[in-house]
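Biologist: Could you take me through one part of this model up close? I'd like to hear how the helices pack there and what sits around the ligand.

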Amino acid sequence: MATDRNRGALIIIEGGDRTGKSTQSKMLVDALLADGKQAELVKFPDRTTPIGKLAGSYLQKTLDLEDHAIHLIFSANRWEKVPSIIERLENGITLVVDRYAFSGVAYTSAKRGFDIEWCKQSDTGIPAPDLVIYLTLPVDQATSRDQYGTERYESTQFQKRAVENFEKLMTKNWTTLDASQSIDAIHQQMKDLTTEIMQQVGTRSIEKLWV
Ligand code: NYM
Ligand code: MG
């Protein structure tokens, strides 16, 4: 820490496809801002950077990439944001992050021949979250939500394997929320959890993930 001022909290929102992560992440940032807190939204993959554009094309199936190569591209897309993530946290800005390295590991290790330990290597050392909010929804319910099935990985079998992998990554700073609740009910729980963590982080140093 450069100063003794309270830092922002690193809050990660994770879950399978169509569990409401993006809707909830935006609502959470808006609610924090409305309360006068400093907060920003971060989204992975960030499809706007040159590296993120490769990931976007891969997901939209306009580009084929070898499985290890695309895994490293998703990781590189996080590493390119690490300096700005650390800077913002140190400046007291809370970051709400829509997907992170847990998605990276859960999706790649759903492919044949990939073990979880190999998948974790390339994200080892990025900033560790203060809290992971994990949204769960039975895969069959997620499948029936809008826009499901157009991108790579959006098949029921693949999603089921990814969800099993997320569960292997859970540690004590994860909280699971039932994504079949109403949008407002989920939002209220996320807001309460986040507010509590923001008060706890104080000047605590930012740890490194999986180190
Ligand atoms: N995904 C996302 C990965 O396979 N690896 C990663 O590291 C990340 C961050 O990309 N199906 C997958 C999960 C999703 C897809 O996510 C894009 P979204 O939230 O639909 O943009
Ligand atoms: Mg998607």
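Modeller: Let's start with a pair of helices: helix 3 and helix 5 are roughly antiparallel to each other, because angles over 145 degrees count that way and theirs is about 175°. Their axes lie 10 Å apart. Keep in mind that this is a predicted model. On the helix 3 side, the residues that meet helix 5 are D67, H71, F74, S75 and R78, and they face A101, G104 and T108 in helix 5. Sorted by class, that contact has 2 nonpolar, 4 polar and 2 charged residues.

Two of those names come back at the ligand. F74 and G104 are both part of the surroundings of ligand 1, along with D17, F44, P45, L59, R99, S103, Y107 and Y153. Helix 5, which covers residues 101-108, gives the most to this shell, with 3 residues. By class, the shell splits into 6 nonpolar, 2 polar and 2 charged residues.

A couple of shell residues have backbone features you may want to click on. F44 and P45 are joined by a cis peptide bond, with omega at about -5°. P45 belongs to the loop that runs between strand 2 (39-43) and helix 2 (50-59). Then there's R99: this residue isn't a glycine, yet its phi is positive, about 75°. You'll find R99 in the loop between strand 3 (94-98) and helix 5, so to speak on the way into the helix we began with.

Back to helix 5, then, and its other partner here, helix 8 (residues 156-169). The axes of helix 5 and helix 8 come within 8 Å and cross at roughly 130°. That makes helix 5 and helix 8 oblique to each other, and their crossing is right-handed. From helix 5, the contact takes in F102, V105, A106 and Y107, which meet A162, N165, F166 and L169 of helix 8. This contact has 7 nonpolar residues, 1 polar residue and no charged ones. Y107 turns up in both settings: in the contact with helix 8 and in the shell around ligand 1.

For another pair to set beside these, look at helix 1 (residues 21-34) and helix 9 (residues 183-201). Their axes come within 10 Å and cross at roughly 55°, so helix 1 and helix 9 are oblique to each other. The crossing is right-handed. T23, Q24, M27, L28 and A31 in helix 1 meet a run of helix 9 residues, namely I183, I186, H187, M190, K191 and T194. Sorted by class, this contact holds 6 nonpolar, 4 polar and 1 charged residues.

And how far does the predictor back all this? The protein chain averages a pLDDT of 95, and 97% of the residues score at least 70. Helix 3 (residues 67-79), from the pair we opened with, is where confidence is highest, at 99, while helix 7 (residues 139-143) is where confidence is lowest, at a mean of 85. For the complex, the predictor gives an ipTM of 0.98 and a pTM of 0.96.

Notes
Residues are numbered from 1 along each chain as its sequence is written. Chains are lettered from A and ligands numbered from 1 in the order in which they are written. This is a predicted model: local features need pLDDT of at least 70, side-chain atom pairs count only at pLDDT 80 or more; totals for chains, interfaces and linings use all residues. A residue is near a molecule or strand if its C-beta atom, placed from the backbone, lies within 6 Å of it. Helices (H or I, at least four residues) and strands (E, at least two) are DSSP runs, numbered from the N terminus. Ala, Val, Leu, Ile, Met, Phe, Trp, Tyr, Cys and Pro count as nonpolar, Asp, Glu, Lys and Arg as charged, and the others, Gly among them, as polar. Axes are lines fitted to C-alpha atoms, for helices over the stretch in contact, and angles run from 0 to 180 degrees between N-to-C directions. Angles under 35 degrees count as roughly parallel, over 145 as roughly antiparallel, 65 to 115 as roughly perpendicular and the rest as oblique. A crossing is left-handed if the near helix is turned anticlockwise from the far one by less than a right angle, and right-handed if clockwise. Two residues are in contact if their C-beta atoms, placed from the backbone, lie within 7 Å. pLDDT is the predictor's confidence in each residue, from 0 to 100.
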